[in-house]
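Here is a briefing on one protein chain and its metal site. Look over the fold first, then take the points by topic.

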Amino acid sequence: MSDARVEHLTTSGVFTLDGGSWEVDNNVWLVGDDEEVVVVDAPHDAEAILAAVDGRRVVAVLCTHGHNDHVNAAPAVADATGAPILLHPDDRVLWDMTHSDRAPDGELADGRTVKVGGTELTVLHTPGHAPGAVCLYAPELGVLFSGDTLFQGGPGATGRSYSDFPTIVDSIRSRLLTLPEETVVNTGHGDSTTIGAEAPHLQEWLDRGR
Ligand SMILES: [Fe+2]
(Lines give C-alpha, C1' and ligand atoms only; values in the text may rest on other atoms or scores of the structure.)
Protein backbone atom coordinates (compact mmCIF):
# COMPACT_ATOMS: atom_id res chain seq x y z
CA MET A 1 0.00 0.00 0.00
CA SER A 2 1.50 3.28 -1.09
CA ASP A 3 1.26 6.50 0.89
CA ALA A 4 1.95 8.54 -2.21
CA ARG A 5 0.05 11.79 -2.49
CA VAL A 6 -0.01 14.96 -4.56
CA GLU A 7 1.04 18.34 -3.17
CA HIS A 8 0.75 21.70 -4.89
CA LEU A 9 2.13 25.21 -4.84
CA THR A 10 2.12 28.11 -7.26
CA THR A 11 4.96 30.43 -8.14
CA SER A 12 4.93 33.66 -10.15
CA GLY A 13 7.25 35.09 -12.74
CA VAL A 14 7.65 35.91 -16.41
CA PHE A 15 7.20 33.75 -19.52
CA THR A 16 9.36 34.89 -22.42
CA LEU A 17 9.23 33.72 -26.03
CA ASP A 18 9.42 35.24 -29.50
CA GLY A 19 10.55 38.57 -28.03
CA GLY A 20 7.49 38.95 -25.78
CA SER A 21 7.11 38.69 -22.02
CA TRP A 22 4.04 37.82 -19.95
CA GLU A 23 3.46 37.72 -16.20
CA VAL A 24 2.38 34.19 -15.29
CA ASP A 25 1.46 32.04 -12.30
CA ASN A 26 2.73 28.47 -12.60
CA ASN A 27 1.65 25.33 -10.79
CA VAL A 28 4.26 23.15 -9.16
CA TRP A 29 3.28 19.58 -8.30
CA LEU A 30 5.03 17.30 -5.85
CA VAL A 31 4.28 13.57 -5.89
CA GLY A 32 5.58 11.29 -3.18
CA ASP A 33 5.41 10.44 0.49
CA ASP A 34 7.14 11.50 3.72
CA GLU A 35 10.49 10.23 2.46
CA GLU A 36 10.81 11.18 -1.20
CA VAL A 37 9.14 13.23 -3.94
CA VAL A 38 9.37 14.12 -7.57
CA VAL A 39 8.94 17.76 -8.54
CA VAL A 40 6.80 18.32 -11.65
CA ASP A 41 8.08 21.61 -13.13
CA ALA A 42 10.38 24.02 -11.35
CA PRO A 43 9.23 27.56 -12.20
CA HIS A 44 10.46 30.92 -10.98
CA ASP A 45 11.17 30.35 -7.28
CA ALA A 46 13.57 27.63 -6.13
CA GLU A 47 13.25 28.74 -2.50
CA ALA A 48 9.50 28.16 -2.48
CA ILE A 49 9.88 24.78 -4.16
CA LEU A 50 12.60 23.70 -1.73
CA ALA A 51 10.43 24.78 1.18
CA ALA A 52 7.67 22.50 -0.11
CA VAL A 53 10.16 19.65 -0.52
CA ASP A 54 11.02 20.22 3.14
CA GLY A 55 14.15 18.11 3.26
CA ARG A 56 12.76 15.02 1.53
CA ARG A 57 14.80 13.21 -1.09
CA VAL A 58 14.04 14.54 -4.57
CA VAL A 59 14.00 11.60 -6.97
CA ALA A 60 13.90 13.87 -10.03
CA VAL A 61 12.81 17.23 -11.37
CA LEU A 62 10.43 16.34 -14.20
CA CYS A 63 9.97 19.07 -16.80
CA THR A 64 6.66 18.92 -18.68
CA HIS A 65 8.30 21.01 -21.41
CA GLY A 66 11.15 23.43 -21.96
CA HIS A 67 9.43 26.83 -21.83
CA ASN A 68 11.33 29.11 -19.50
CA ASP A 69 8.40 29.52 -17.12
CA HIS A 70 8.49 25.77 -16.39
CA VAL A 71 12.25 25.25 -16.12
CA ASN A 72 13.86 28.49 -14.97
CA ALA A 73 14.35 27.29 -11.37
CA ALA A 74 15.20 23.68 -12.28
CA PRO A 75 19.00 23.96 -11.99
CA ALA A 76 18.76 25.64 -8.58
CA VAL A 77 16.41 22.94 -7.30
CA ALA A 78 18.64 20.22 -8.74
CA ASP A 79 21.81 21.73 -7.32
CA ALA A 80 20.27 22.07 -3.86
CA THR A 81 18.94 18.50 -3.77
CA GLY A 82 21.21 16.45 -6.03
CA ALA A 83 18.19 15.46 -8.13
CA PRO A 84 18.51 14.89 -11.87
CA ILE A 85 16.59 17.13 -14.25
CA LEU A 86 14.65 15.13 -16.84
CA LEU A 87 13.26 16.60 -20.08
CA HIS A 88 12.07 15.17 -23.38
CA PRO A 89 14.93 15.53 -25.88
CA ASP A 90 12.73 17.29 -28.45
CA ASP A 91 12.55 20.31 -26.10
CA ARG A 92 16.29 20.87 -25.86
CA VAL A 93 15.92 23.77 -28.29
CA LEU A 94 13.62 25.52 -25.80
CA TRP A 95 15.67 24.52 -22.75
CA ASP A 96 18.82 25.95 -24.30
CA MET A 97 17.17 29.37 -24.66
CA THR A 98 17.06 29.56 -20.84
CA HIS A 99 19.96 27.36 -19.76
CA SER A 100 22.58 27.41 -22.51
CA ASP A 101 25.26 26.58 -19.93
CA ARG A 102 23.58 23.58 -18.26
CA ALA A 103 22.12 20.49 -19.93
CA PRO A 104 19.35 18.33 -18.46
CA ASP A 105 20.60 15.16 -16.80
CA GLY A 106 18.33 12.68 -18.55
CA GLU A 107 15.52 12.18 -21.01
CA LEU A 108 11.78 11.86 -20.43
CA ALA A 109 11.27 9.44 -23.30
CA ASP A 110 7.76 8.26 -24.09
CA GLY A 111 6.85 5.26 -21.95
CA ARG A 112 9.55 5.83 -19.34
CA THR A 113 8.37 5.25 -15.79
CA VAL A 114 9.52 7.07 -12.67
CA LYS A 115 8.96 5.39 -9.30
CA VAL A 116 8.37 7.51 -6.20
CA GLY A 117 6.80 6.88 -2.82
CA GLY A 118 5.60 3.41 -3.79
CA THR A 119 3.79 4.58 -6.89
CA GLU A 120 4.73 5.19 -10.50
CA LEU A 121 4.43 7.93 -13.11
CA THR A 122 4.49 7.12 -16.82
CA VAL A 123 5.71 9.57 -19.46
CA LEU A 124 3.27 10.30 -22.28
CA HIS A 125 4.89 12.27 -25.11
CA THR A 126 2.24 14.82 -26.13
CA PRO A 127 3.80 17.23 -28.64
CA GLY A 128 1.95 20.30 -29.90
CA HIS A 129 2.34 23.07 -27.31
CA ALA A 130 6.03 22.25 -27.57
CA PRO A 131 7.75 19.53 -29.58
CA GLY A 132 8.98 17.77 -26.45
CA ALA A 133 5.93 18.39 -24.26
CA VAL A 134 5.05 15.46 -22.03
CA CYS A 135 2.30 14.56 -19.60
CA LEU A 136 2.95 12.41 -16.55
CA TYR A 137 0.31 9.82 -15.71
CA ALA A 138 0.04 8.32 -12.23
CA PRO A 139 -2.57 5.57 -12.70
CA GLU A 140 -2.69 4.45 -9.06
CA LEU A 141 -3.42 8.03 -7.99
CA GLY A 142 -5.86 8.61 -10.85
CA VAL A 143 -3.96 11.77 -11.75
CA LEU A 144 -2.45 13.24 -14.90
CA PHE A 145 0.04 16.12 -14.84
CA SER A 146 -0.64 17.83 -18.14
CA GLY A 147 1.80 20.75 -18.20
CA ASP A 148 0.59 23.16 -20.88
CA THR A 149 -0.91 20.43 -23.11
CA LEU A 150 -4.42 20.33 -21.62
CA PHE A 151 -6.08 22.95 -19.42
CA GLN A 152 -9.50 23.42 -17.92
CA GLY A 153 -11.23 24.63 -21.09
CA GLY A 154 -9.08 23.09 -23.78
CA PRO A 155 -5.67 22.70 -25.37
CA GLY A 156 -2.63 24.74 -24.45
CA ALA A 157 -1.57 27.67 -26.58
CA THR A 158 -0.16 26.91 -30.02
CA GLY A 159 0.22 30.43 -31.45
CA ARG A 160 3.95 30.85 -30.84
CA SER A 161 7.13 29.31 -32.23
CA TYR A 162 7.64 25.54 -31.90
CA SER A 163 3.87 24.98 -31.34
CA ASP A 164 1.33 23.35 -33.67
CA PHE A 165 -2.44 23.11 -33.22
CA PRO A 166 -3.17 19.93 -35.25
CA THR A 167 -0.34 18.21 -33.38
CA ILE A 168 -1.63 19.15 -29.91
CA VAL A 169 -5.15 17.99 -30.84
CA ASP A 170 -3.76 14.67 -32.07
CA SER A 171 -1.83 14.29 -28.81
CA ILE A 172 -4.84 15.08 -26.64
CA ARG A 173 -7.17 12.85 -28.63
CA SER A 174 -4.89 9.84 -28.85
CA ARG A 175 -3.01 9.96 -25.53
CA LEU A 176 -5.19 11.84 -23.01
CA LEU A 177 -8.87 11.44 -23.90
CA THR A 178 -8.26 7.69 -23.90
CA LEU A 179 -7.52 7.77 -20.14
CA PRO A 180 -10.28 6.96 -17.61
CA GLU A 181 -12.75 9.84 -17.55
CA GLU A 182 -12.44 10.26 -13.78
CA THR A 183 -8.71 11.01 -14.14
CA VAL A 184 -7.89 14.32 -12.43
CA VAL A 185 -5.88 16.63 -14.70
CA ASN A 186 -3.42 18.83 -12.80
CA THR A 187 -2.31 21.53 -15.20
CA GLY A 188 0.68 23.83 -15.60
CA HIS A 189 -1.38 26.98 -15.01
CA GLY A 190 -4.74 27.57 -13.36
CA ASP A 191 -7.35 25.14 -12.12
CA SER A 192 -7.43 21.38 -12.36
CA THR A 193 -10.01 19.53 -14.42
CA THR A 194 -10.82 15.93 -15.37
CA ILE A 195 -10.59 13.96 -18.60
CA GLY A 196 -14.36 13.49 -18.48
CA ALA A 197 -14.99 17.24 -18.18
CA GLU A 198 -12.83 18.07 -21.21
CA ALA A 199 -13.51 15.16 -23.58
CA PRO A 200 -16.96 16.33 -24.77
CA HIS A 201 -15.46 19.60 -26.06
CA LEU A 202 -13.05 18.18 -28.63
CA GLN A 203 -15.16 19.24 -31.60
CA GLU A 204 -15.51 22.81 -30.21
CA TRP A 205 -11.72 23.09 -30.03
CA LEU A 206 -11.39 21.86 -33.61
CA ASP A 207 -14.05 24.33 -34.79
CA ARG A 208 -12.38 27.32 -33.12
CA GLY A 209 -8.90 26.13 -34.21
CA ARG A 210 -7.04 26.89 -30.99
FE1 LIG B 1 4.38 26.49 -22.06
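Strand β4 pairs with strand β5 (residues 85–87) in the parallel sense, over two bridges. The model is a predicted one. β4 also pairs with β3, and H65, an iron donor, sits in the loop that follows, between β4 and α2. The points below start at β4, go on to the metal, and then cover the remaining strands, one helix and a few loop residues.

**Around strand β4**

- Strand β4 covers residues 57–62. Five of its six residues are buried, so the strand is largely enclosed by the rest of the structure.
- Its pairing with β5 is parallel. Within that pairing, L62 stands opposite L86 of β5.
- Strand β3 (residues 36–40) also runs parallel to β4, joined by five bridges. E36 has R57 of β4 as its bridge partner.
- Helix α1 (residues 46–53) completes a β-α-β unit with β3 and β4. The unit is right-handed.

**The iron site**

- Which protein atoms hold the iron ion? The donors are H65 through NE2, H67 through ND1, H129 through NE2 and D148 through OD. They lie 2.2 to 2.3 Å from the ion.
- The angles among the four donor atoms run from 87 to 179°. Four donors count as tetrahedral only if all angles lie between 85 and 135 degrees. The site of the iron ion is irregular.
- Along the sequence, the donor residues follow the spacing H-x1-H-x61-H-x18-D. H65 and D148 are 83 residues apart, so this pair links distant parts of the chain.
- H65 lies in the loop between β4 and α2 (68–71). D148 lies in the loop between β10 (143–147) and β11 (150–151).
- Are H65 and D148 buried or exposed? Both are buried.

**Strands β1, β2 and β3**

- Strand β1 (residues 5–17) and strand β2 (residues 20–32) are antiparallel, with 13 bridges between them. T10 stands opposite N27 of β2.
- The β1–β2 hairpin has two residues between its strands. In this hairpin, D18 takes a positive phi near 55°.
- D18 is a residue other than glycine. It is partly exposed, at 48% relative accessibility.
- β2 pairs with β3 as well, antiparallel and over four bridges. V31 has V38 of β3 as its bridge partner.
- Three residues make the hairpin connection from β2 to β3.

**The six-strand sheet**

- What is the strand order in the open sheet of six? It is β7-β8-β9-β10-β13-β14, and the pairing is mixed.
- β7 (113–116) and β14 (193–194) stand at the edges. Each has a single partner strand, so one side of each lacks a neighbour in the sheet.
- β7 pairs with strand β8 (residues 119–125) in the antiparallel sense, over four bridges. K115 has E120 of β8 as its bridge partner.

**Helix α5**

- Helix α5 spans residues 165–176, which is 12 residues. At 1.5 Å a residue, the expected span is 16 Å. The end C-alpha atoms are 15 Å apart, which agrees.
- Which residues of α5 are buried? They are F165, I168, V169, S171, I172 and L176.
- Seen down the axis of α5, these buried residues fall within an arc of 160°, so they line one face of the helix.
- An α-helix has 3.6 residues a turn, so residues three or four places apart point the same way.

**Loop residues**

- H44 lies in the loop between β3 and α1. Its phi is near 70°, a positive value in a residue other than glycine.
- L141 lies in the loop between β9 (134–138) and β10. Its relative accessible area is 27%, so L141 counts as partly exposed.
- How far apart are L141 and P155 in space? They are 23 Å apart, C-alpha to C-alpha, and 14 residues apart in sequence.

Technical notes. Residues numbered from 1 in each chain as written. Predicted model: local features only at pLDDT ≥ 70, side-chain atom pairs only at ≥ 80, totals over all residues. Heavy atoms only, no water. Buried < 20%, exposed > 50% of the residue type's maximum accessible area, 1.4 Å probe, protein only. Pairing = 2+ DSSP bridges. Right-handed = clockwise from strand over helix to strand, strands pointing away. Donors = N, O, S within 2.8 Å, 3.2 Å for Na, K, Ca; no water. Tetrahedral: all angles 85-135°; square planar, octahedral: opposite > 155°, others 65-115°. Expected span 1.5 Å × (residues − 1). Arc of directions from axis to C-beta.
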